[in-house]
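Student: I've got a model open and keep meeting labels I'd like to pin down. Can we go through a few of them together?

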Amino acid sequence: MSTAAQPRSQADFLKGEPHRKHPGVINLKTLRLPEELQTAARSIIHSKLSRVCGHLLTNFLWSRKRAVEDTALRQKAVSMEKELWEKALQKKGEITKTTKYIIIFQISAIIVPICSFFQSYQIKKRDPTFAPQSLLDFGSGLGTVVWASHSCWADSLKEMVCVDSSGPMNILAEQLLKGDDDRAQPLIKHVYFRQFLPVSPKVQFDLVVAAFTLSELPNVKEREEAVLTLWRKTSSYLVLVENGTKEGHHILMEARDTLLKKQEKIIYDSRPASVFAPCPHELMCPKLALEPTVPCNFQQLYQPLPLPGHNERQIEKFSFLILTRSGPAETTGGVDWARLVAPVLRKTRHVHCRMCCPNGQLQHVVVTARKHSRDVYRCARSSDWGDQLPVIQRLQEDAQSDSE
């Protein structure tokens with residue numbers, strides 16, 4: 001094998017870091033809610049939390065499917081939803097206590113994937129010079145995107161616009177920001193709540209996020225229109241997050257195809273969309289072709305909101321898509337990177353890696369020091385599901401022979 005097929009030196013892709021901290025390692029340890037958010041949430045929940053209600057909501061969220069296309073059925077559902085909301089609201093327009101309990105119960109699981117993307121899962125680590133001044137959160141709910149983004153870019157963010165069609169949800173999000181004290185100043189400044197997106201198509205934000213929102217839209221057409229609208233409002237990065245289910249993955253692949261393949265009639269920003277993460281390529285998702293029932297998802301360990309009987313660490317699975325206007329990601333040291341899409345299986349002197357590769361193929365590679373160099377082997381052994389691995393010629397050759 002020629003020397004060009006191997007990394008020229010450790011510095012080519014390790015950047016002077018030890019193997020356990022190589023540039024492809026983006027997994028975070030156990031995440032915890034910001035202290036201020038924990039305090040505010042516990043204040044709002046001023047009586048015993050119903051764990052049963054929390055589990056019911058969790059089961060409901062994970063069993064959601066894309067909405068039925070039939071217009072009449074959708075209209076009936078909207079009518080029922082409106083009736084339920086009217087019954088749930090008190091005279092002052094606040095969310096009832098029981099509803100608060102159920103919503104707050106979910107706050108840890110909702111904020112975890114968002115924190116992952118911002119802090120390490122991918123943006124801040126791979127683009128350390130990115131310092132957004134403006135943020136748009138579409139379908140903002142409890143305002144978790146604001147809390148997550150503030151933990152990373154508090155010094156640079158000057159405007160955060162939260163858009164949610166639910167007025168009561170916006171009220172609850174504001175209560176959290178004020179620590180459940182209406183007379184207090186918000187813990188995070190420059191946050192503005194709206195029920196509709198800004199009208200002007202020329203208004204852009206450095207960072208645009210839609211977390212667990214596309215799955216709420218009734219049909220393919222509305223999801224496509226929403227994605228195109230959000231992309232028009234994106235100056236740098238667009239982050240889309242859904243549950244780590246088959247439905248969530250398929251919805252994100254719909255959005256990916258829309259932004260990579262469709263051309264709008266009127267173009268306000270000519271910079272095209274490029275996939276930033278998790279895909280190491282812009283070809284068809286190999287999971288859809290080879291494993292259509294297995295979603296492309298990732299996981300994060302987190303500490304839930306500390307409440308009696310609710311203190312054990314939990315795991316949240318999610319699917320995500322990050323697009324950028326800055327062009328395709330550059331290689332590090334002339335080496336391409338593959339994404340680990342399953343748990344790494346570590347054996348004696350070899351490591352089993354399931355990877356999505358830059359050539360658009362889903363490959364299973366058994367990495368050894370003898371075949372792939374000591375550096376690559378030690379990096380593989382230090383990596384986990386969701387991390388990236390350097391791809392060299394020998395890795396690709398072995399993966400192709402395995403697939404044959």
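Student: Why is R325 called buried?

Tutor: R325 has a relative accessible area of 5%. Buried means under 20%, exposed means over 50%, and partly exposed is in between, using a 1.4 Å probe and protein chains only. At 5%, R325 is under the cut-off, so it counts as buried. Bear in mind that this is a predicted model, where local features need pLDDT of at least 70, side-chain atom pairs count only at pLDDT 80 or more, and totals for chains, interfaces and linings use all residues. Residues are numbered from 1 along each chain as its sequence is written, and side-chain values use heavy atoms, with hydrogens and water left out.

Student: Where is R325 in the secondary structure?

Tutor: R325 belongs to the loop between β9 (314–324) and β10 (336–340). Strands here are DSSP runs of E with at least two residues, helices are runs of H or I with at least four, and both are numbered from the N terminus.

Student: Which residues does R325 touch?

Tutor: Leaving aside residues up to four places away in sequence, R325 touches Q204, W231, R232, T234, S235, S236, D269, R271 and P272. Contact means heavy atoms within 4.5 Å.

Student: What makes the pair of R325 and W231 a polar contact?

Tutor: The R325 side chain reaches the backbone oxygen of W231 at 2.6 Å. A polar contact is a pair of N or O atoms within 3.5 Å; within protein, one must be able to donate a hydrogen and the other to accept it, and residues adjacent in sequence count only if both atoms are side-chain atoms. The 2.6 Å distance falls within that limit.

Student: Why is β10 described as largely enclosed by the rest of the structure?

Tutor: Four of the five residues of β10 are buried, so the description follows.

Student: How do you know that β10 pairs with β14?

Tutor: Two strands pair if DSSP finds at least two bridges between them. β10 and β14 (residues 388–391) have four bridges, in the antiparallel sense, and W337 has P390 of β14 as its bridge partner. β10 is also joined to β12 (residues 350–356) by two bridges, again antiparallel, with L340 opposite M355.

Student: Why are α2 and α9 called oblique?

Tutor: Their axes cross at roughly 120° and come within 8 Å. Angles under 35 degrees count as roughly parallel, over 145 as roughly antiparallel, 65 to 115 as roughly perpendicular and the rest as oblique. Roughly 120° belongs to the rest, so α2 and α9 are oblique to each other.

Note on methods:
Axes are lines fitted to C-alpha atoms, for helices over the stretch in contact, and angles run from 0 to 180 degrees between N-to-C directions.
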